[in-house]
Structure formats: structure tokens, C-alpha cells
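Reader: I would like a close look at one part of this model, the three-stranded sheet together with the helices that pack around it. Please take it slowly, and set it beside the rest of the chain where that helps.

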Amino acid sequence: MSISKIIFRDLQILHLRKPELKNSYISVKKNGEIVLKTPKVSDDFIQRLLLQREPWIRNQLQKVSSLQTLSVVLEDEILLFGEVFSIDIDEAKELRESLQKVKISNKESVIRCYERFYKNYALSYITQRAAHFAKVMQLNYSELKFKKMRSRWGSCSSKGVITFNTELIKLDKKLIDFIVVHELAHLKHMNHSKEFHTLVRSYIHDAKTLNQKLKKLHTYLFI
């Protein structure tokens with residue numbers, strides 16, 4: 001494998017030439033890096049490929065730049081409801097206390113303290129929102145579960161068990177409500193049919209806009 005950099009118009013592209021590949025691939029990472037992987041091909045082929053894929057590349061770059069990545073300084077800040085707060089706020093008392101008990105301060109132990117805090121906060125807040133909307137929507141779930149997930153914001157089983165991603169507590173409250181209603185709606189419609197979306201929109205009027213925002217945030221689950 002050989003690695004080189006390509007300048008195409010105003011774009012800087014990392015080119016990975018892998019002879020074992022059969023096809024060529026272009027990707028745009030969340031940090032804005034453009035990566036091109038190809039087998040052994042000519043420079044003319046690469047230029048034609050980039051010219052053909054340029055609109056897609058620029059569209060992906062625009063999507064990446066529009067994402068406002070929120071991050072926190074561990075042991076100093078927390079991320080709640082889409083905003084970064086000082087760890088000194090009352091809501092973070094549990095986290096402060098758990099961090100003080102960590103004898104050997106290393107990143108892994110600190111992250112575990114944060115994850116416990118977010119899980120407990122999610123359990124408290126989202127349970128209340130789920131109970132509220134279940135009553136309004138006249139729907140009943142059998143159980144609520146909370147765990148950190150990497151690919152889903154929530155799920156609903158055929159037995160009425162709803163599982164929420166603990167990372168939800170880091171999102172804007174409107175997004176949390178949208179996901180709560182989305183999962184509750186699955187108690188009535190175990191699909192994404194027209195009837196399902198109509199039910200969701202009857203309680204979350206800007207559901208379409210919120211869903212588009214969630215798609216952008218899908219791979220941005222932060223600590």
C-alpha cells in the first residue's frame with residue numbers, strides 16, 4: 001500500500017493506493033478529511049473520478065461543517081440537554097462526589113464516572129417524559145430500560161419493552177421528547193408506516209425537522 005496526498009482544485013485528499021482492491025472508494029470523515037482508496041490506476045482515472053464525485057464530496061463537507069460538535073473538558077464540565085455546563089452546578093453533585101472517590105485518576109475511571117452520571121440522569125429525566133407522553137397518548141409500556149448504545153437512540157420490543165440510549169440526556173430537550181414519542185408510537189405501530197408517522201406528528205409537530213437533525217447527530221455521541 002502506498003499513501004500520498006492529492007490536490008484537486010481547492011481540496012486536499014489523502015490517497016491510499018491498495019493493489020488488492022477491485023474498486024475505488026471515496027469517504028469524508030467527520031473531521032473533514034477526504035480519503036480516496038483505489039487499486040493501481042492511472043492519474044487520469046483519478047482525476048476523472050474526482051471530477052465526477054466532486055458534487056458529492058462538497059455536499060458531504062458542507063454537512064460536516066454544519067455540525068456543531070459539542071465536547072467537554074473531563075472533570076471540569078458536563079454536557080446536558082445540548083449545552084455545556086460547569087461541573088460545579090447542582091445537577092452534577094453526584095458526578096463530583098464519584099470523581100472524588102476515584103483513587104487513581106486516569107481517563108478510563110473518569111469516563112466510567114461520567115457514564116454512570118449520564119445513565120442515572122437519563123433514567124430520572126427520561127422516565128418522567130415517557131410517563132408523561134404515555135399518559136397523553138394513552139399507551140402503556142411494560143418496562144423502560146437504559147443503556148449506552150452506539151447505533152440507536154432507542155428501541156421498542158413487541159413485548160412493550162422500551163430501551164433508551166443514555167446518551168440521549170446530552171441532546172436538546174425537544175429531541176429527547178421526539179425520541180420518546182417515536183418509541184412510544186411503536187407500541188401501536190411496530191413499523192414506520194404512514195400511520196406511525198402521523199401518530200408521531202400529532203404530538204411532535206416538527207417531527208420531520210427533528211428527525212433530520214438526529215440523522216446528522218447519529219454518529220456524534222459524545223462523552
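Author: What follows goes through that sheet strand by strand, then through its helices, and ends with the other sheet and two loops. The model is a predicted one.

The part you ask about is an open sheet of three strands in the order β7-β9-β8, and its pairing is mixed. The edges are taken by β7 and by β8 (154–156), each of which has a single partner strand, so that one side of each is left without a neighbour in the sheet. On average, and with direction ignored, neighbouring strands here are turned by 15° against each other.

The mixed character can be followed pair by pair. Strand β7 (residues 143–147) and strand β9 (residues 161–165) run parallel and are joined by five bridges; within this pair, Leu144 stands opposite Ile162 of β9. On the other side, β8 and β9 pair in the antiparallel sense, over three bridges, and there Ser155 is placed opposite Thr163 in β9.

Strand β7 also shows how the two faces of the sheet are distinguished. In a regular strand the side chains alternate between the two faces of the sheet. Along β7 this alternation is seen with Leu144 and Phe146, which point to one face and are buried, whereas Glu143, Lys145 and Lys147 point to the other face and are not buried.

Two helices belong to the immediate description of the sheet. Helix α3 lies across β7 and β9, and runs at about 150° to β7. Helix α4 packs on the sheet as well, where α4 touches β8 and β9 and has a direction that makes about 155° with that of β9.

From α4 the packing can be traced outward to α6. Helix α4 (residues 173–185) packs with helix α6 (residues 207–217) at an angle of about 105°, and their axes are 10 Å apart. Angles of 65 to 115 degrees count as roughly perpendicular, and α4 and α6 are therefore roughly perpendicular to each other. On the α4 side the contact is made by Lys174, Leu175, Phe178 and Ile179, and on the α6 side by Ala207, Leu210, Asn211, Lys213, Leu214 and Leu217. Sorted by class, this contact of α4 with α6 has seven nonpolar residues, one polar residue and two charged residues.

Helix α5 (residues 194–201) links several of these elements through its buried residues, which include Phe196, Leu199 and Val200. Seen down the axis of α5, the buried residues fall within an arc of 100°, so they line one face of the helix. The general background is that an α-helix has 3.6 residues a turn, so residues three or four places apart point the same way. The buried residues of α5 pack against α3 (107–137), α4 and α6.

For comparison, the chain has another open sheet, of four strands, in the order β1-β2-β4-β3 and again with mixed pairing. Its edge strands are β1 (2–8) and β3 (25–28), each of which pairs on one side only. Neighbouring strands of this four-stranded sheet are turned by 25° against each other on average, direction ignored. Within it, strand β2 (residues 11–17) and strand β4 (residues 34–38) run parallel, joined by five bridges, and the bridge partner of Arg17 in β4 is Thr38.

Leu21 offers a way to relate this region to the sheet you asked about. Leu21 sits in the loop between β2 and β3 and is partly exposed, with a relative accessible area of 21%. Apart from its neighbours within four places in sequence, Leu21 is in contact with Lys37, Thr38 and Pro39. Between Leu21 and Glu143 there are 48 Å in space, C-alpha to C-alpha, and the two are 122 residues apart in sequence.

Two further loop residues deserve a careful look at the backbone. Glu75, in the loop between α1 (43–66) and β5 (77–80), has a phi near 75°, a positive value in a residue other than glycine; Glu75 is partly exposed, at a relative accessible area of 42%. Phe81, in the loop between β5 and β6 (83–86), has a phi near 50°, which is likewise positive in a residue other than glycine. Phe81, however, is buried, with a relative accessible area of 15%.

Note on methods:
Residues are numbered from 1 along each chain as its sequence is written. This is a predicted model: local features need pLDDT of at least 70, side-chain atom pairs count only at pLDDT 80 or more; totals for chains, interfaces and linings use all residues. Side-chain values use heavy atoms; hydrogens and water are left out. Axes are lines fitted to C-alpha atoms, for helices over the stretch in contact, and angles run from 0 to 180 degrees between N-to-C directions. Angles under 35 degrees count as roughly parallel, over 145 as roughly antiparallel, 65 to 115 as roughly perpendicular and the rest as oblique. Contact means heavy atoms within 4.5 Å. Ala, Val, Leu, Ile, Met, Phe, Trp, Tyr, Cys and Pro count as nonpolar, Asp, Glu, Lys and Arg as charged, and the others, Gly among them, as polar. Buried means under 20% relative accessible area, exposed over 50%, partly exposed in between (1.4 Å probe, protein chains only). The arc is that of the directions from the helix axis to the C-beta atoms. Two strands pair if DSSP finds at least two bridges between them.
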